[in-house]
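Thanks for making the time this morning. I would like to walk you through one structure, a few places at a time, and I will try to keep to what can be read from the atoms.

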Amino acid sequence: VIDGDSVGTVLTINDTRSSAAVAGLTLQNGFSTLGGGLNLSSTSGTVVRNMLIIENVATDGGGVYATGTSKLLDVEIMDNHAVNGGGVYISSGSSEIINASIGGNIASGDGGGVYSDGGSTILTNAQIANNTAVNGGAIVSINRSFANLTNVTAVNNLASGLGYNLYTGSDAEIVSANSIFWGSSALGLYVETGGINLITHSIVEGGHLGTGNIDSDPLFVDANDFNFELSEFSPAIGAGDPSVSLANDLDGNLRPTPAGSNPDMGVFENSQPSQRPRALSVRDGLGSDIVWSNAESILSSNWDDFIDNGSLDYEYAIGTGSGSSSINSSDNYSLSFNGDSYVSMGDPESFELDDFTISFWFNSTYSAPAGDWIYVLGKQNSYHFELYGEGVLRFGFETPTGFYGLIDSDSGLND
């Protein structure tokens, strides 16, 4: 851990050869004009790996300020402050940021996460979340800058001005694939006249023209707790472009998973090849919920959320209904069937009571001489309830050997 004690840039690397590398450090509490935590000045291929750059302050680039060419691998750039580029300020040259978490940074000007000013910026497997700025809460690209984003998750970034997630200047360009831009309503992307945002195979809140783009909640595991892994119901699973697939995700998991499937959008790869099925509650298909009155003979259904092969509760409303309700009396509703009307629940040869749990109540006006009956529920000549002559409620059953038994109520149940 190197603590800058608020007296300057914590670490400066300049005019390096292509073989220069630094790794395994925590840079904190720096205070400078350019790069509070790390200043990469006119570098030539410098590699920065496995670094934590946290709680630094600068005019430009609170965490990192870079010119020349450099590569940042497996870095966390968190809780830094600047006027422009709260996390990272790239001034010129070419910088790659791979497998990075850039979060909680604040710019009192523009570019809460990354500010690209006149250079080439490549962001791969980068999680950019909870950053704040006036314009471009996550990323700003201006002054002929080119930014290439692959499997980036930009979520919950804020801007008091324009572009919660992306702000593209009039002479700049941002190209992105297999990414997620969410948590900012329709204010996430802003492009000045003449600027270019070419986004494909990505989730974009509010929508964006481009091949394979989706405007749908990515359904993270727990975005409130900074967990942007994809839940099994996420539409980002298997929705990425295989032609730009990476070898691994931010956690090192193979892409795509499983092998042979399409890659996921965002920084994390889910283990499923596609999202789990989703739908709404099973209903009678004739209204927003169970409607105890219809004249339809064919039922339709909608399904509730469930996991493959999991249990599912559902209900059907069948028949006609009547009844009344008031504050001073209990609800009184019924299903009624006239004469020989019935509801079939399947092939009698395959229907077993063990397959169902059925609850019902009834109020019948049926009355007939002894020896007559009407079925209420069940399978004929097997397990069933029937109303028998003179208002008797009867439960009947037939065993596999042909033995038939009856259980009758003690007395009539007319009305």
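**Aromatic pairs**

Let me begin with the rings: Tyr 65, Tyr 89 and Tyr 115 together make up one aromatic cluster, and I should say straight away that what we are looking at is a predicted model. The count of aromatic pairs comes to 5, and one of them is formed by Tyr 65 and Tyr 89, whose rings are stacked, with 5.4 Å from centre to centre and 25° between the planes. Tyr 65 belongs to strand 8, residues 64-78, while Tyr 89 belongs to strand 10, residues 88-90, so this pair ties together parts that are 24 residues apart in sequence. Both of these tyrosines, Tyr 65 and Tyr 89, are buried.

Another pair has a different geometry, so let me give you its values: Phe 220 and Phe 228 have ring centres 5.2 Å apart and planes at 80°, and because planes over 60 degrees apart count as edge-to-face, that is how this pair is classed. Phe 220 is buried, and Phe 228 is buried as well.

**A salt bridge**

Turning to charged side chains, how many salt bridges does a search of the whole structure find? The search finds 1, and the partners are Glu 269 and Arg 255, with 2.8 Å from N to O. Both residues sit in the loop between strand 27 (227-230) and strand 28 (320-326), where they are 14 residues apart. As for their surroundings, Glu 269 and Arg 255 are both buried.

**Val 48**

Next, please find Val 48, which lies in strand 6, residues 38-54. Is Val 48 buried or exposed? With a relative accessibility of 0%, Val 48 counts as buried, because the cut-off for that class is under 20%. Leaving aside residues up to four places away in sequence, Val 48 touches Val 22, Leu 38, Leu 40, Lys 71, Leu 72, Leu 73 and Val 75. Its C-alpha atom is also separated by 8.7 Å from that of Gly 24, which is 24 residues away along the chain.

**An open sheet**

Finally, there is an open sheet of 4 strands, in the order 30-31-32-33, with antiparallel pairing. Strand 30 (373-378) and strand 33 (404-408) are its edges, each pairing on one side only, and neighbouring strands are turned by 25° against each other on average, with direction ignored. Strand 32, residues 392-398, pairs with strand 33 in the antiparallel sense over 5 bridges, and Phe 397 stands opposite Gly 405 of strand 33.

Technical notes:
Residues are numbered from 1 along each chain as its sequence is written. This is a predicted model: local features need pLDDT of at least 70, side-chain atom pairs count only at pLDDT 80 or more; totals for chains, interfaces and linings use all residues. Side-chain values use heavy atoms; hydrogens and water are left out. Two strands pair if DSSP finds at least two bridges between them. Helices (H or I, at least four residues) and strands (E, at least two) are DSSP runs, numbered from the N terminus. Axes are lines fitted to C-alpha atoms, for helices over the stretch in contact, and angles run from 0 to 180 degrees between N-to-C directions. A salt bridge is a side-chain nitrogen of Lys or Arg within 4 Å of a carboxyl oxygen of Asp or Glu. Buried means under 20% relative accessible area, exposed over 50%, partly exposed in between (1.4 Å probe, protein chains only). Contact means heavy atoms within 4.5 Å. Rings of Phe, Tyr and Trp (its six-membered ring) pair if their centres lie within 6.5 Å; planes under 30 degrees apart count as stacked, over 60 as edge-to-face and the rest as tilted.
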